[in-house]
Amino acid sequence: MSTPDHIAAQAGRDIAEVPAVEVISTAAVHLMSAAAVHLGLAEDLPEHRDLDEARSLIEALAGLIVAAAPSLGTHHAGPLRDGLKTLQLAFREASVLPDAVGEGPGEKYTGPVYS
């Protein structure tokens, strides 16, 4: 029978075996997916839209990608940057009063995003 301490120790060993690039990439994909849902881009929830939530998620995603890019390398960071840019542009399109270029979600980290 496993004790809570044993389970926690096993979980720690399991996560210790996962390379940082995978943990960072997984976190980024979760942020992207959540932002897409809040932008109304999810196929199963197309009517759902909460731009305040999407803004927060895109900000966090941008900060993560910019901070982690040197560790990720272009092979992993490139697709994440592309996904981020797609979300930033979708946010601008979904906004009734779009932010000025350079002032949208995450742009303080990424710089201005143009279509």
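Me: A salt bridge is a side-chain nitrogen of Lys or Arg within 4 Å of a carboxyl oxygen of Asp or Glu; how many salt bridges does a search of the whole structure find?

Reply: The search finds three salt bridges. Before reading them, note that this is a predicted model, in which local features need pLDDT of at least 70 and side-chain atom pairs count only at pLDDT 80 or more, while totals for chains, interfaces and linings use all residues. Residues are numbered from 1 along each chain as its sequence is written, and side-chain values use heavy atoms, with hydrogens and water left out.

Me: With which residue does D99 form a salt bridge, and how far apart are the closest N and O atoms?

Reply: D99 is paired with R55, and their closest N and O atoms lie 2.8 Å apart. This pair links distant parts of the chain, since D99 sits in the loop between α3 (51–94) and α4 whereas R55 belongs to helix α3, 44 residues away. Helices here are DSSP runs of H or I with at least four residues, numbered from the N terminus.

Me: Is D99 buried or exposed, or something in between?

Reply: The general scale calls a residue buried under 20% relative accessible area, exposed over 50% and partly exposed in between, with a 1.4 Å probe and protein chains only. D99 counts as partly exposed because its relative accessibility is 23%, and R55 is partly exposed as well, at 28%.

Me: Where do the salt-bridge partners E59 and K108 lie along the chain?

Reply: The side chains of E59 and K108 meet at 3.7 Å, N to O. Distant parts of the chain are again linked, with E59 in helix α3 and K108 in helix α4, 49 residues apart. K108 is exposed, because its relative accessibility reaches 63%.

Me: And how should I read the salt bridge between R92 and E107?

Reply: Their side chains come to 2.8 Å, N to O. The link runs from R92 in helix α3 to E107 in helix α4, 15 residues apart. R92 is buried because its relative accessible area is 18%, and E107 is likewise buried, at 5%.

Me: Which residues line the largest cavity?

Reply: Rolling a probe the size of a water molecule over the atoms shows where empty space is left. On a 1 Å grid over the protein atoms alone, a cavity is a set of points where a 1.4 Å probe fits but cannot get out, and lining residues have an atom within 4 Å of a point. Points are joined across faces, edges and corners, and the volume is the space filled by probe spheres set on them. Here the count comes to one cavity of 30 Å³ or more, and the largest cavity has a volume of about 30 Å³. The lining is made by Q88, F91, R92, D99, G104, P105 and E107, with α3 giving the most, namely three residues.

Me: Which residues make the nonpolar surface patch?

Reply: Patches take residues with over 30% relative accessible area and no salt bridge, and nonpolar side chains (Val, Leu, Ile, Met, Phe, Trp, Tyr) are joined within 5 Å; the areas come from the Shrake-Rupley method with a 1.4 Å probe. In this model I15, V18 and V23 make a patch of about 220 Å². V18 is in the loop between α1 (4–16) and α2 and is partly exposed because its relative accessibility is 32%. V23 lies in helix α2 (residues 20–38) and is partly exposed too, at 39%.

Me: What does Y114 touch, leaving aside residues up to four places away in sequence?

Reply: Contact means heavy atoms within 4.5 Å. By that measure Y114 touches K85, L89 and V101. Y114 stands in the segment after α4 (107–110) and still counts as exposed, because its relative accessible area is 53%.

Me: How far apart in space are S95 and L39, C-alpha to C-alpha?

Reply: Separation along the chain and separation in space are read side by side. S95 and L39 are 56 residues apart in sequence and 9.5 Å apart in space; S95 occupies the loop between α3 and α4 and is buried because its relative accessibility is 13%. E47 and A27 are 20 residues apart along the chain, and their C-alpha atoms are separated by 25 Å. E47 lies in the loop between α2 and α3 and is exposed, at 62% relative accessibility.

Notes
Patch = residues over 30% accessible without salt bridge, like charges linked within 9 Å, V, L, I, M, F, W, Y side chains within 5 Å. Helix = DSSP H or I, 4+ residues; strand = E, 2+ residues; numbered from the N terminus. 1 Å grid on protein atoms, 1.4 Å probe; cavity = no way out; pocket = protein on both sides within 12 Å on 5 of 7 lines; lining within 4 Å.
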